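Reader: Please take me through this model step by step, with the criteria behind each term stated as you go.

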Amino acid sequence: MVVGQGGHDSNRNGNEVTLVANAPPLDYSFKELRTCGEIETEEPRSGAKHPSPEAKEGDENHGADAGAGGLAMSNSTGNMANKVNPLEPKLRMVLRKVTTSVKLNNNMLESAVGLPQALETAMPNPLLNLQWLDISFNQLVTIEADLLRFLNLKALYLHGNCISRLSSVERLRKLPKLLSLTLNGNPIESSKIYRCYVIGALPALKSLDHSTITDDEVKNAAAWFVGHEARAKKRKEEMAENAMIDG
């Protein structure tokens with residue numbers, strides 16, 4: 001079970017309690033990466049790749065000692081007259097940190113193809129665990145299918161890229177939990193309908209370009225987008241009719 005940024009949760013199994021907390025972001029910013037595949041051989045600036053078995057065992061043992069001590073203290077303070085029964089099994093506590101955030105900003109990536117596979121070498125189960133991705137200030141020209149495989153993504157930063165077609169934004173509908181998105185600094189931002197289009201296409205968003213989306217914006221954009229789609233459909237039908245006549 002993975003929880004929100006900075007949070008924790010627990011899962012009790014017999015005499016063992018597993019605490020789950022978010023690990024620091026994996027930071028691959030300013031690495032001059034040209035392809036996602038290079039992540040496999042790069043070390044992050046901060047955060048940690050998959051820990052070695054020895055390190056993981058050490059972390060768990062440390063957590064177990066702390067957990068047992070905490071239980072004993074709780075029992076003794078709850079009733080000073082009672083002593084901890086030495087025959088009673090101690091509660092073993094294990095802290096498991098899960099990476100949920102990745103920084104790939106300020107590189108030279110022209111494509112996100114291969115990102116899920118590359119992150120498999122750097123963090124456990126990225127398709128499930130990744131919730132926050134910063135891939136801003138790269139050279140992406142569109143929103144590719146590999147970005148849409150992270151179904152638990154809540155925040156996606158794409159500002160400062162080279163995305164030029166507003167219609168590509170609609171692909172982000174395949175990210176059901178997306179709440180925060182940035183696209184400013186892309187060519188699409190110059191369109192007069194930019195903000196209205198994005199909010200209309202993605203009505204579940206709460207923030208666009210680090211600016212909170214108001215209820216009025218959602219309502220107005222939804223109505224506008226319905227009309228926009230109707231007009232686009234009509235234009236497409238007219239073009240098809242004209243093509244048949246010309247043919």
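Reader: What area does the chain expose, and what percentage of it do carbon and sulfur atoms supply?
Author: Accessible areas here come from the Shrake-Rupley method with a 1.4 Å probe, and for residues only the protein chains shown count as cover. This is a predicted model, in which local features need pLDDT of at least 70 and side-chain atom pairs count only at pLDDT 80 or more, while totals for chains, interfaces and linings use all residues. Residues are numbered from 1 along each chain as its sequence is written, and side-chain values use heavy atoms, with hydrogens and water left out. On that basis the chain exposes about 14300 Å², and the part supplied by carbon and sulfur atoms is 54%.

Reader: How many helices and strands does the chain have, and in what order do the strands of the open sheet run?
Author: Helices (H or I, at least four residues) and strands (E, at least two) are DSSP runs numbered from the N terminus, and by that count the chain has five helices and 10 strands. Two strands pair if DSSP finds at least two bridges between them. Seven strands form the open sheet with mixed pairing, and their order is 3-5-6-7-8-9-10.

Reader: Which strands stand at the edges of this sheet?
Author: An edge strand here has a single partner strand, so one of its sides is left without a neighbour in the sheet. The two strands in that position are strand 3 (26-27) and strand 10 (211-212).

Reader: In which sense do strand 8 and strand 9 pair, and which residue stands opposite Ser 180?
Author: Strand 8 (residues 180-182) and strand 9 (residues 207-208) are joined over two bridges, and their pairing is parallel. Opposite Ser 180, in strand 9, stands Ser 207.

Reader: Is Ser 207 buried or exposed?
Author: Buried means under 20% relative accessible area, exposed over 50%, and partly exposed in between (1.4 Å probe, protein chains only). Contact means heavy atoms within 4.5 Å, and, not counting residues up to four places away in sequence, Ser 207 touches Leu 179, Ser 180, Leu 181, Thr 212 and Ile 213. Because its relative accessibility is 16%, Ser 207 counts as buried.

Reader: Why is helix 4 described as largely enclosed, and what covers its buried residues?
Author: Helix 4 (residues 194-201) has six buried residues out of eight, so the rest of the structure largely encloses it. The buried residues are Tyr 194, Tyr 197, Val 198, Ile 199, Gly 200 and Ala 201. Their cover includes strand 8, strand 9 and helix 5 (215-246).

Reader: Which residues have the most contacts inside the largest nonpolar core?
Author: A nonpolar core is a set of buried Ala, Val, Leu, Ile, Met, Phe, Trp, Tyr and Cys residues joined through side-chain atoms within 4.5 Å. The largest one has 45 residues, and those with the most contacts inside it are Leu 104, Leu 158, Leu 181 and Val 198.

Reader: Which helix supplies the largest share of this core?
Author: Helix 2 (115-120), helix 4 and helix 5 each supply at least two of its residues. The largest share, five residues, comes from helix 4.

Reader: How many aromatic pairs does a search of the whole structure find, and what kind is the pair of Tyr 197 and Trp 224?
Author: Rings of Phe, Tyr and Trp (its six-membered ring) pair if their centres lie within 6.5 Å, and planes under 30 degrees apart count as stacked, over 60 as edge-to-face and the rest as tilted. The search finds four pairs. Tyr 197 and Trp 224 lie 6.4 Å centre to centre with 70 degrees between the planes, and their pair is edge-to-face.
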